[in-house]
Amino acid sequence: MRLLGVEARAGVGAGLCAAALVVGLAAAPARADGALPALPGGAAAVTPGRPGAGWALKDTGKDARFRGLAAVSRSTAWVAGSKGTVLRTVDGGRSWQDVSPPGAVAEGLELRDVEAFDARRAVALSIGEGEASRVLRTEDGGATWTETFRNPDPRAFYDCLTFFDSRHGLAMSDPVDGKFRILSTDDGGRSWRVLPAEGMPAALPGEAGFAASGQCLVAAGPRDVWLATGGGATARVLHSADRGLTWRAAESTLPAGDPARGVFALAFRDRTRGLAVGGDYRTGQASPQAAAVSSDGGRTWSRAATPPPAYRSGAAWYPYGGGTALAVGPTGTDVTLDGGHTWRSLEAGSFDTVDCAPDAGCWAAGEKGRVARLERR
């Protein structure tokens, strides 16, 4: 489903890939003595919620809206957005390379998701009806791109993609013939096939995904994946434990009943502990209960006792400390230190998506070329 600035096919609306990175590295545990863990090179981790930690803007020199973000490390990140724009940094945001696919720029494609394996290999998704939905892949840091999928079905509209590892990944489309459509790859995004629809439950009337932050389809571990929905009578989270072959739907507690409401982003720390954020994306509309938590792999969801104060479109777990996570949206950033039960404001400033790398490199991106890294100030 399209979102914010692009008319929707099923009303208004649009895709949290996850917060889980495709590099497959495990997050380090917090130290028992409460001290900040050491990062490679001896630096101390910058922990959201601690005094002095906040977003440091990095000048990209672009005005595109970046809803796709892949944090590889504190030094390396990729962003993808409007006008076919893809940028890459390998020096912590001090400089950015414009590695946009020429064809995507020429056609003004909306690149709403990007998943990066490292500084050279990445897969990007453009959204839209029919042939506007495409998958592009690079193996040389964006110097060249190969189109590996172009949607042939005018009824399909792809929103998000995610990877379990460097080979296995999925992409999801809004419902076709009454069910969400799942695209699968087992060769790192070089080729794709549509999975059988038999294992997918029926979609609700008006239900779709939100292409808002690349986080409406997220994976954790080698086989578990979750899909976020909105636009229907209830906002749901669908879970698959077999890489997208079979799915089970669960109702969330987030606002629903309108094309502009639902779950906009998911983040799973592992195969059991998950966060959902969203609400009503329309400016000035209240979004009470816009966050939920799950401790059983998405089978059930409970409301956050103190949710973020407004609609949030992106979320990510912080690698150090079991209960720390970030949520972002047009009106600010919030942090939780207790696994999503209570949230408090970190700072104002508009972002659409957030991602944290295993080395505690956390990045956020959004409108007007805004990209930032979490730093001590």
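Which ring does the charged end of Arg 88 sit over? Let's work through that and a few more exercises. This is a predicted model, where local features need pLDDT of at least 70, side-chain atom pairs count only at pLDDT 80 or more, and totals for chains, interfaces and linings use all residues. Residues are numbered from 1 along each chain as its sequence is written, and side-chain values use heavy atoms, with hydrogens and water left out.

**Exercise 1. Find the ring under Arg 88, then do the job again for Arg 243.**

Step 1: start with the rule. A charge sits over a ring if NZ of Lys or CZ of Arg is within 6 Å of the ring centre and within 35 degrees of the ring normal.

Step 2: apply it to Arg 88. Its charged end is over the ring of Trp 78, 5.9 Å from the centre.

Step 3: move on to Arg 243. Here the ring belongs to Phe 164, with its centre 5.8 Å away.

**Exercise 2. Describe how Trp 78 pairs with Trp 145, and say what the pair ties together.**

Step 1: set the terms. Rings of Phe, Tyr and Trp (its six-membered ring) pair if their centres lie within 6.5 Å; planes under 30 degrees apart are stacked, over 60 edge-to-face, and the rest tilted.

Step 2: count the pairs. The structure has 13 aromatic pairs.

Step 3: classify this one. Trp 78 and Trp 145 are edge-to-face, 6.4 Å centre to centre with 85 degrees between the planes.

Step 4: place the partners. Trp 78 is in strand β3 (residues 77-81) and Trp 145 is in the loop between β8 (134-138) and β9 (146-150), so the pair ties together parts 67 residues apart in sequence. Strands (E, at least two residues) and helices (H or I, at least four) are DSSP runs numbered from the N terminus.

Step 5: check burial. Buried means under 20% relative accessible area, exposed over 50%, and partly exposed in between (1.4 Å probe, protein chains only). Trp 78 is buried at 0%, and Trp 145 counts as buried at 15%.

**Exercise 3. Work out the geometry of the Phe 210 and Phe 264 pair, and find the cluster that holds these rings.**

Step 1: read the geometry. The pair is stacked, at 3.8 Å centre to centre and 15 degrees between the planes.

Step 2: locate both ends. Phe 210 is in the loop between β13 (193-194) and β14 (217-220), and Phe 264 is in strand β18 (residues 261-268), 54 residues apart.

Step 3: check burial. Phe 210 has a relative accessible area of 0% and is buried; Phe 264 is buried at 0% too.

Step 4: widen the view. Phe 210, Phe 264, Tyr 281 and Tyr 311 make up one aromatic cluster.

**Exercise 4. Place Arg 312 and find a side-chain partner for it.**

Step 1: Arg 312 is in the loop between β21 (302-303) and β22 (314-317).

Step 2: its relative accessible area is 2%, so Arg 312 is buried.

Step 3: its side chain makes a polar contact with the side chain of Thr 331 at 2.8 Å. (A polar contact is a pair of N or O atoms within 3.5 Å; within protein, one must be able to donate a hydrogen and the other to accept it, and residues adjacent in sequence count only if both atoms are side-chain atoms.)

**Exercise 5. Take two non-glycine residues with positive phi, Ala 360 and Lys 368: buried or exposed?**

Step 1: Ala 360 has phi near 75 degrees, and Lys 368 about 55 degrees.

Step 2: Ala 360 is in the loop between β26 (353-356) and β27 (362-365), while Lys 368 is in the loop between β27 and β28 (371-376).

Step 3: Ala 360 is buried at 1%, whereas Lys 368 is exposed at 66%.
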